[in-house]
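Please work through the following exercises with the sequence and the model side by side, and try each task before you read its solution.

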Amino acid sequence: MVVIKKRDNVIPVDFGEFKLEFVANDENIHKMEKVGKKLKKEGEKLAKTEDDKAFDTLKGLVKDSWSELFDTEAFDKVYSFSNESTVDTMAYLLEAITGVISEWEKRNNTDALKKYLGD
């Protein structure tokens, strides 16, 4: 008899005071790629502008990104954690994305899979 144990695809992001959970399914991995590209593109544009509303635009972009990747409460929790700093909240977002990608790659090590399949 072969017993299959269900794999857990939830990657926790621990802030010490609270945890967020990223569900690493196909849809969310694609969302993360999209959010990362959008942040890079829009962040570069905002850095080059001297528009007074650029900071508010950045805050909206960061808020949307947290909500899209985690849930609607995630931005509020992280924004509060960062003492209401949009820049720090964005830095935490980038750290979370980097950490989730790293953890996902560790969990889904394709080299180990090839070894077991005899490739």
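## Exercise 1: a charged pair in one helix

The side chains of Glu103 and Arg107 meet in a salt bridge, with 3.1 Å from N to O; in this predicted model, work out how the two residues are placed along the chain and how exposed each of them is.

Solution. Begin with the position: Glu103 and Arg107 both belong to helix α4, where they are 4 residues apart, about one turn of the helix. Next, take the accessibility, for which partly exposed covers the range between 20% and 50%. Glu103, at 24% relative accessibility, is therefore partly exposed, and Arg107, at 31%, also counts as partly exposed. Finally, look for further partners: Glu103, Lys106 and Arg107 are linked in a network of salt bridges.

## Exercise 2: two pairs that involve helix α1

The whole structure holds 4 salt bridges; describe the one between Lys31 and Glu27 and the one between Glu68 and Lys34, and state how each pair is separated along the chain.

Solution. For the pair of Lys31 and Glu27, the N to O distance is 3.8 Å, and because these residues are 4 apart in helix α1, about one helical turn separates them. Lys31 is partly exposed, with a relative accessible area of 23%, whereas Glu27 is exposed at 53%.

For the pair of Glu68 and Lys34, the N to O distance is 3.6 Å. This pair links distant parts of the chain, since Glu68 lies in helix α2 and Lys34 in helix α1, 34 residues apart. Glu68 is partly exposed at 29% relative accessible area, while Lys34 is exposed at 52%.

## Exercise 3: the crossing of two helices

Determine how the axes of helix α2 (residues 54-69) and helix α3 (residues 72-81) are arranged, and which residues make the contact.

Solution. The two axes come within 6 Å and cross at roughly 125°, and α2 and α3 are therefore oblique to each other. The crossing in which α2 passes α3 is right-handed. On the α2 side the contact is made by Lys59, Val62, Lys63, Trp66 and Ser67, and on the α3 side by Thr72, Ala74, Phe75, Val78 and Tyr79. Sorted by class, this contact has 6 nonpolar, 2 polar and 2 charged residues.

## Exercise 4: backbone angles in a loop

Describe the phi angle, location and exposure of Asn83.

Solution. Asn83 has a positive phi of about 60°, although it is not a glycine. Asn83 is placed in the loop between α3 and α4 (86-107), and it is exposed, with a relative accessible area of 69%.

Conventions:
Residues numbered from 1 in each chain as written. Predicted model: local features only at pLDDT ≥ 70, side-chain atom pairs only at ≥ 80, totals over all residues. Heavy atoms only, no water. Axes fitted to C-alpha atoms, helices over the stretch in contact; angles between N-to-C directions. Parallel < 35°, antiparallel > 145°, perpendicular 65-115°, else oblique. Left-handed = near helix turned anticlockwise from the far one by under 90°. Contact = heavy atoms within 4.5 Å. Nonpolar A, V, L, I, M, F, W, Y, C, P; charged D, E, K, R; others polar. Buried < 20%, exposed > 50% of the residue type's maximum accessible area, 1.4 Å probe, protein only.
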